[in-house]
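Dear colleague,

I am handing over the structure we spoke about, and it is shown just below. After it I set out what was found, together with the cut-offs behind each term.

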Amino acid sequence: QVQLVESGGGLVQPGGSLRLSCAASASISSINVSWYRQAPGKQRELVAVSTTGGGTNYADSVKGRFTISRDNAANTVYLQMNSLKPEDTAVYYCWALTSIRGYWGQGTQVTVSS
């Protein structure tokens, strides 16, 4: 079983930056880890993926602004978010896919507003 704890959310002005962290209770070296987000009244959507082979993928809406990275030694995945827009406002969730099942974190709120 893997427990995930997200942190780093908060209130930021448009154009600002935040870095989210997803700390896992187990080794992530063999686990693909993703960030999702869910805005009020909308479906949860994929934001970025970090694969075990070092690959990354991004939603078109965040390409060039967000960067996902991982520190396997610290069992942590990060999401650096730059040039934030009001439409980035959402609860951001971490998701880890093991060979058995996927695990969700509890989420962290990101609000982009002036």
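To begin with one residue, Arg37 is buried, with a relative accessible area of 7%, where buried means under 20% relative accessible area, exposed over 50% and partly exposed in between, for a 1.4 Å probe and protein chains only. Please bear in mind that this is a predicted model, in which local features need pLDDT of at least 70 and side-chain atom pairs count only at pLDDT 80 or more, while totals for chains, interfaces and linings use all residues. Residues are numbered from 1 along each chain as its sequence is written, and side-chain values use heavy atoms, with hydrogens and water left out.

Salt bridges

Arg37 forms a salt bridge with Glu45, with 2.6 Å between the closest N and O atoms; the term stands for a side-chain nitrogen of Lys or Arg within 4 Å of a carboxyl oxygen of Asp or Glu. Glu45, unlike a buried residue, is partly exposed, at 36% relative accessible area. By this rule there are four salt bridges. Another of them joins Arg65 to Asp88, the closest N and O atoms being 2.7 Å apart. Arg65 sits in the loop between strand S6 (56–58) and S7, and Asp88 in the loop between S8 and S9, so this pair ties together parts that are 23 residues apart in sequence; strands here are DSSP runs (E, at least two residues), numbered from the N terminus. Both Arg65 and Asp88 are buried, and Arg37, Glu45, Arg65 and Asp88 are linked in a network of salt bridges. Lys63 and Asp60 also meet through their side chains in a salt bridge, at 3.1 Å from N to O, and Asp60 is exposed, at 65% relative accessibility.

The disulfide

The count comes to one disulfide, taken as a pair of cysteine sulfur atoms within 2.5 Å. Its partners are Cys22 and Cys94, whose sulfur atoms are 1.9 Å apart. Cys22 lies in strand S3 and Cys94 in strand S9, so the pair ties together parts that are 72 residues apart in sequence. The torsion about their S-S bond is about -80°, so the disulfide is left-handed. Cys22 is buried at 2% relative accessible area, and Cys94 is buried as well, at 0%.

The core

The largest nonpolar core has 29 residues, and those with the most contacts inside it include Leu4, Trp35, Phe66 and Tyr92; such a core is a set of buried Ala, Val, Leu, Ile, Met, Phe, Trp, Tyr and Cys residues joined through side-chain atoms within 4.5 Å. Among the strands that each supply at least two residues of this core are S3 (18–24), S8 (76–81), S9 (90–97) and S11 (108–112).

Strand pairing

An open sheet of four strands has the order S1-S3-S8-S7, with antiparallel pairing, and two strands count as paired if DSSP finds at least two bridges between them. Its edge strands are S1 (4–7) and S7, each of which pairs on one side only. Within this order, S3 and S8 run antiparallel and are joined by six bridges, and Ala23 has Thr76 in S8 as its bridge partner.

S11 is joined to strand S2 (residues 10–12) by three bridges, and the two run parallel, with Leu11 opposite Thr111. S9 and S11 pair in the antiparallel sense over three bridges, and Tyr92 has Thr108 in S11 as its bridge partner. Along S11 the side chains alternate, in that Thr108, Val110 and Val112 point to one face and are buried, whereas Gln109 and Thr111 point to the other and are not.

With best wishes
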